[in-house]
Structures are given as C-alpha cells and as structure tokens.
Amino acid sequence: MTEFQTWYEGLQVERTMKALRKNNFDAQFVAKATDAAGVIFKMIPDGVTVGVGGSMTLNQIGFFEEAAKHPIKLLNPSAQQLSPEEFIRMRRKILLADVFLCSSNAVTEDGKLYNIDGTGNRVGAMTFGPKKVILVCGVNKIVKDVTEAHKRAQEWAAPMNAKRLALKTPCAETGVCADCASPQRICNVYVAMAKKPSRTDITVLLVGEPLGL
Ligand code: SF4
C-alpha cells in the first residue's frame, strides 16, 4: 500500500468510527488482523455462551483457534456435521447466547451497518437477543452510505458467497444478481441499522486489512 492509500484509509476509518459512535455503536480499531482475536477476547468474559454467524472474517483472523484457549461455550453451527434440524436448533440457541459474533456486509462512513441475509438468523442475533454483539469488519467493508452498502452486498458479496457455498442460484453461475426466486436465495432480508438497537450493546471492530467478502 502506498503512503497516500494509507493516509486516505486512515482518514476514512477515523470518519467512520466517529460516525458509528455518534449513532451509539462502540467503535474500535485494530491495525493487524492477527491482533483482532486478542482484542475480541478482552471483551468476552470467561464462562459465557458465545454464538457465531457465518463469517469468513472470523476464520481469517484466527478467532476459532483463540476461542479454543478460553473457557467459553462456543456455539458454531459450521463446526460440525449437523442435520438440518440440528442446524436450525443451534441457530435458535444462538439467538439467546450471551455474546454474538460475526461480520457486517458493509459499514457506512455515516455510521450505519448494512446486512443482507437468507434465513435472517444473523441479522436477528445482531439486533436483539444476545446482549453483546461484536462485528469484525475489514476496512474493505467501509462504503459511503446505505445505497452503496446495498450495492456492495447485493452485487458483490451475495454472488461471491453463493459461489463459495455452492448454492443453486443464478448469481453463482453468472456472477450477476438476477433478483431470483431460488429456494436457496441468500438475500431475502435487507437490514440497515441506522443507530444501535436500544437493548443490544454492539461493538464494531474495524481491522486495518481487507477481510471477508
Ligand atoms: S437475488 Fe438470487 S441471484 Fe440475486 S444475489 Fe440474491 S441469490 Fe443471487
């Protein structure tokens, strides 16, 4: 990265954190992805139940390796071979975990969070249920506003995730959203958080490296 890119990105992160705080979110920054899991575990007390939503970012920062060193009860539906019924049961349990972790599809420079979801479990847990939510977002997730956030999520993240998960959707074939009616559609729910939901303590941990989709 050139010094000009570093300068630009630094100011963008600063602007975004200020706006997030104005919207009642807690905003923190860590420069290196390898330090992110350590920062996260300063916010998670021993003995609690921690649920996770599907997230490439958590894998990339080594969250699960770090979690194995801590006395928490981890609910990770992707960690084991679960039947479809068990998978849904665990996702329901996660809605009542003490802490919920995942990423956000986009973070806007005016301090809003934007997500799309197929089942709704991720956006459900982000907004109500777990008292503490930690959203880990690489700087590549920062966009100007909600319009750009939707474009990013629908035109970039959704097709990429559909491909990654080998879903039977038009975008997994063509890379272009066809506003499909596929049973495996991954963008049924659009949620913009304009301000922190009143009963949920949300920390946005921005990481100074590109992470996730
Ligand atoms: S609506 Fe369908 S085609 Fe468009 S991004 Fe979502 S899953 Fe893909």
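A residue counts as near a molecule if its C-beta atom, placed from the backbone, lies within 6 Å of it. In this predicted model, 15 residues surround the ligand. The closest are Ala-158, Cys-171, Cys-177, Cys-180 and Cys-187.

Two conventions apply. Residues are numbered from 1 along each chain as its sequence is written. The model is predicted: local features need pLDDT of at least 70, side-chain atom pairs count only at pLDDT 80 or more, and totals for chains, interfaces and linings use all residues.

**Ligand shell.** Helices (H or I, at least four residues) and strands (E, at least two) are DSSP runs, numbered from the N terminus. Helix H7 (146-164) and helix H8 (170-174) each supply at least two shell residues. H7 gives the most, with four. The shell splits by class as follows.

| Class | Members of the class | Shell count |
|---|---|---|
| Nonpolar | Ala, Val, Leu, Ile, Met, Phe, Trp, Tyr, Cys, Pro | 10 residues |
| Polar | the others, Gly among them | three residues |
| Charged | Asp, Glu, Lys, Arg | two residues |

**Helix H1.** H1 (residues 3-22) has 20 residues. Its first and last C-alpha atoms are 29 Å apart, close to the 28 Å expected at 1.5 Å a residue (1.5 Å times one less than the number of residues). Val-13, Thr-16 and Leu-20 are buried (20 or more other C-beta atoms within 10 Å of the residue's own; exposed means 12 or fewer). Seen down the axis of H1, the buried residues fall within an arc of 70°, so they line one face; the arc is that of the directions from the helix axis to the C-beta atoms. On the other side, the exposed residues include Trp-7, Glu-14 and Lys-22.

The buried residues of H1 pack against strands E1 (26-30), E5 (106-108), E8 (142-143) and E10 (201-207); contact means C-beta atoms, placed from the backbone, within 7 Å. Asn-24 follows H1, with a positive phi near 75°.

Note on methods
Contact = placed C-beta atoms within 7 Å.
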